[in-house]
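Trainee: I've got the model open and I'd like to go through why the labels are what they are. Can we take them one at a time?

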Amino acid sequence: MINIRKLESELWESADLLRAGSKLTSNQYCMPVLGLIFLRYAYSRFKMAEAEILKNRPSRGGRVMPVEASDFAAKSALFLPKEAQYDYLLNLPDDLASAGLVNRDGQPMASLGEVVNNAMALIEEQSEQLTGVLPKSYTDFSDELLSELLRIFNNSALDEVGGDIIGRIYEYFLNKFAKNIASDDGVFFTPKSLVKMIVNILEPKSGILLDPACGSGGMFIQSGDFVNQSGMNANNAMTFYGQEKVEYNAQLCLMNMAVHGLTGVIKSGDEANSFYHDAHNLDGCCDYVMANPPFNVDKVKAESCESAKRLPFGMPSVNKNKEVGNGNYLWISYFYSYLNEKGRAGFVMASSATDGQGKDIRQKLVETGHVDVMISVGNNFFYTKSLPCSLWFFDKNKNEAIKDKVLFIDARNYYTVVDRTLNEWSEWQLKNLNAIVWLYRGETEKYTALLDEYRTILGNGNFESILHQLKEELKDLQKRSKMEVEHAGRGDKKRIQTEYDEMIAGKNEEVTVAKEANWLYEKFGNGEYKDIPGLCKAAYTTDVAKDNAKDESENKISIEEKGWSLTSGAYVGVAPVEDDGVDFEERMAEIHRELLSLQAESNELMDTISKNMKEMGL
């Protein structure tokens with residue numbers, strides 16, 4: 001299996017080293033480099049689709065029928081003319097000026113930059129949604145720099161298209177460039193684990209999906225994957241619409257969609273400013289709305305918002321300058337308004353929006369009965385911001401059993417640390433959080449399937465016992481590794497260390513899976529939703545709903561009695577502290593004795609140092 005993190009950093013370091021030597025700024029460098037990653041991805045998909053097409057290709061007179069552009073469209077891949085194929089660009093002669101190359105207009109080409117520009121233009125001819133989108137500034141690069149970049153992105157690991165390796169590389173580079181460029185909107189895209197959580201809970205199947213702040217298109221990519229994995233074709237089942245004010249980001253989005261084989265309509269520029277324009281006329285029409293809008297935007301013109309409508313709960317507070325001082329509740333209102341009578345929405349929002357500001361709108365929203373799930377997310381989930389956030393979910397077609405409830409999940413302490421500044425949810429953590437929602441909705445068969453998935457990997461048996469056994473095996477491996485490396489000859493040390501490192505990494509993965517299986521099972525057993533202090537709570541929307549409920553629980557609570565707050569922590573409470581079996585007074589006395597002993601030892605050392613200094617005449 002590829003070490004994707006290592007590959008990401010190696011490719012970035014190589015590419016950034018070239019940038020530093022070229023005197024190009026990150027801004028000049030970003031789009032062309034992402035264009036080359038796009039070109040490499042398009043080629044990988046092209047070769048994979050070509051192999052499938054040729055498998056059952058009819059032949060005439062002993063000759064296989066040539067492949068055509070329409071064959072590739074059926075496989076959700078771009079057709080690439082020979083001059084736009086990555087291999088062709090890699091294997092061009094050094095002396096281009098005398099190679100007699102001409103572009104699609106018949107003009108001679110004397111530099112590699114011109115040839116790559118021509119490749120981009122040829123690809124645009126194959127895809128209407130890419131027209132005018134791909135970078136064509138490669139003549140700004142020296143032939144040496146461009147040739148080296150093409151070589152860097154020819155890494156064979158990038159051919160694993162099924163695992164979305166190049167998609168990850170594209171995302172990684174976006175993140176790095178976002179930090180370097182520090183764009184006006186801060187982030188080009190939403191971190192993958194937040195996008196996946198939104199998609200997994202909304203479960204898109206078919207219909208219209210709108211992202212009115214689409215950035216680089218992460219919501220479309222994950223939704224497409226979700227639909228394709230369910231056995232349908234995303235382009236046939238879904239219609240993707242996006243709005244993105246920053247044209248540069250919209251270009252990144254269209255490239256991203258194209259390399260994932262998706263088609264969509266993305267509008268950008270002033271007409272795509274979602275505060276003032278419903279650019280696709282989709283109010284009340286959407287099956288799904290997904291977004292990570294810019295938080296806390298100020299100075300939004302109130303009159304322009306009112307004339308743009310989409311405010312079913314009224315206008316947020318307006319200041320003396322006739323401006324909305326914080327745009328969060330404009331976004332929330334728009335997302336709700338876009339939904340059709342059975343629509344679902346999922347979006348990222350500043351944590352502050354769950355309480356305080358916008359109380360009147362929040363009350364009206366809760367009273368619709370369409371708020372479905374609220375998830376609190378901890379710090380460091382974004383690449384360029386460390387602030388916590390919340391995920392909001394609306395569902396206009398909730399089932400009868402939960403129509404008067406909202407599920408609150410406090411996931412602020414549930415995550416995987418990637419590095420000092422970044423946290424994420426692992427694949428198993430995403431599944432576990434999703435499982436809470438399944439049980440709340442009464443979809444126990446999905447929960448059971450997840451338990452079966454855990455058992456397929458770990459074997460049948462008690463998850464806690466399996467976890468304990470795996471931890472012991474890990475300790476044993478670590479001990480054996482240390483001992484064998486210490487006793488190995490100089491020539492064998494590195495080989496033995498590498499072998500054990502691989503075994504230890506594999507065992508660590510098993511331990512991680514067992515931890516997550518145990519985390520889920522100890523809370524929900526074989527599959528019945530219950531409130532877990534510190535983690536999840538199903539609260540009633542209003543006092544009337546609570547009073548009319550057949551639920552006999554003593555812990556019934558309503559959002560109305562909490563002042564219409566949608567902050568998860570206000571409902572789930574605090575997890576009970578486990579008794580570790582230690583007597584507090586006894587342990588404090590022990591610590592005190594240790595402290596006195598260390599103090600005495602310190603005094604003795606100071607005396608010795610002082611004595612030695614005197615003897616030295618100092």
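Trainee: What makes E10 and strand E12 (residues 405-411) a pair?

Mentor: This is a predicted model, and in it five bridges join E10 to E12, with the two running parallel. Two strands pair if there are at least two bridges between them, so five bridges qualify. One spot to look at is Val377, which stands opposite Ala411 in E12.

Trainee: And how do you know that E10 pairs with strand E11 (residues 389-395)?

Mentor: By the bridge count again: E10 and E11 share six bridges, in the antiparallel sense, and at least two are needed. Val377 turns up here too, with Cys389 as its bridge partner in E11.

Trainee: Why is strand E10 (residues 371-377) called largely enclosed?

Mentor: Seven of its seven residues are buried, so the rest of the structure largely encloses E10.

Trainee: Staying with E11, what makes Ser390 count as buried?

Mentor: Ser390 lies in strand E11. Its relative accessibility is 4%, and buried means under 20%, so the label follows. Around Ser390 you'll find contacts with Phe347, Val348, Met349, Ser351, Thr354, Ile375 and Ser376, leaving out residues up to four places away in sequence. Ser390 and Val377 are 13 residues apart in sequence, with their C-alpha atoms 5.5 Å apart.

Trainee: How many disulfides are there?

Mentor: Zero. The sulfurs of a pair would have to be within 2.5 Å. Cys253 is in no disulfide, as the nearest cysteine sulfur, in Cys214, is 4.1 Å away. Cys253 is also buried, at a relative accessible area of 0%.

Trainee: Why is Cys536 not in a bond?

Mentor: Its closest cysteine sulfur belongs to Cys389, and at 19 Å that is too far for a bond. Cys536 is buried as well, because its relative accessible area is 1% and the cut-off is under 20%.

Trainee: Let's do rings. How many aromatic pairs does the structure hold?

Mentor: It holds 31. One of them is Phe46 with Phe72, with ring centres 4.7 Å apart and planes at 5°.

Trainee: Why is that pair of Phe46 and Phe72 called stacked?

Mentor: Centres have to lie within 6.5 Å, and planes under 30 degrees apart count as stacked. With 4.7 Å and 5°, the pair passes both tests, so it is stacked. Phe46 sits in helix H2 (residues 26-55) and Phe72 in helix H3 (residues 69-73), so the pair ties together parts 26 residues apart in sequence. Both rings belong to buried residues: Phe46 has a relative accessible area of 2%, and Phe72 is at 0%.

Trainee: Then what makes the pair of Phe335 and Phe347 tilted?

Mentor: The centres of Phe335 and Phe347 are 4.7 Å apart, but their planes make 50°. Stacked is under 30 degrees and edge-to-face over 60, with the rest tilted, so 50° lands on tilted. Phe335 lies in helix H13 (residues 328-338) and Phe347 in strand E9 (residues 339-350), so this pair ties together parts twelve residues apart in sequence. Phe335 is buried at 0%, and Phe347 is buried at 0% too. They also belong to a cluster linked by ring pairs, whose members include Tyr329, Trp331, Tyr336, Trp392 and Phe394.

Trainee: Why is H13 described as mostly covered?

Mentor: Eleven of its eleven residues are buried. Among them are Asn328, Trp331, Tyr334 and Tyr338.

Trainee: How do you know that a charge sits over the ring of Tyr334?

Mentor: The charged end of Arg310 is 4.0 Å from the centre of that ring, and the distance limit is within 6 Å. Lys431 does likewise over the face of Trp428, at 4.4 Å from the ring centre.

Trainee: Last one: what makes Gln429 a polar contact partner of Tyr415?

Mentor: A polar atom of the Gln429 side chain is 3.4 Å from the backbone oxygen of Tyr415, and the limit is within 3.5 Å. The Gln429 side chain also reaches the backbone nitrogen of Ser426, at 3.0 Å. Gln429 belongs to helix H15 (residues 427-441) and is buried, with a relative accessible area of 3%. Its contacts include Tyr414, Thr416 and Glu516.

Terms used. Residues numbered from 1 in each chain as written. Predicted model: local features only at pLDDT ≥ 70, side-chain atom pairs only at ≥ 80, totals over all residues. Heavy atoms only, no water. Buried < 20%, exposed > 50% of the residue type's maximum accessible area, 1.4 Å probe, protein only. Helix = DSSP H or I, 4+ residues; strand = E, 2+ residues; numbered from the N terminus. Phe/Tyr/Trp six-rings, centres within 6.5 Å; stacked < 30°, edge-to-face > 60°. Lys NZ or Arg CZ within 6 Å of the ring centre and 35° of its normal. Polar contact = N/O pair within 3.5 Å; in protein donor to acceptor, adjacent residues only side chain to side chain. Contact = heavy atoms within 4.5 Å.
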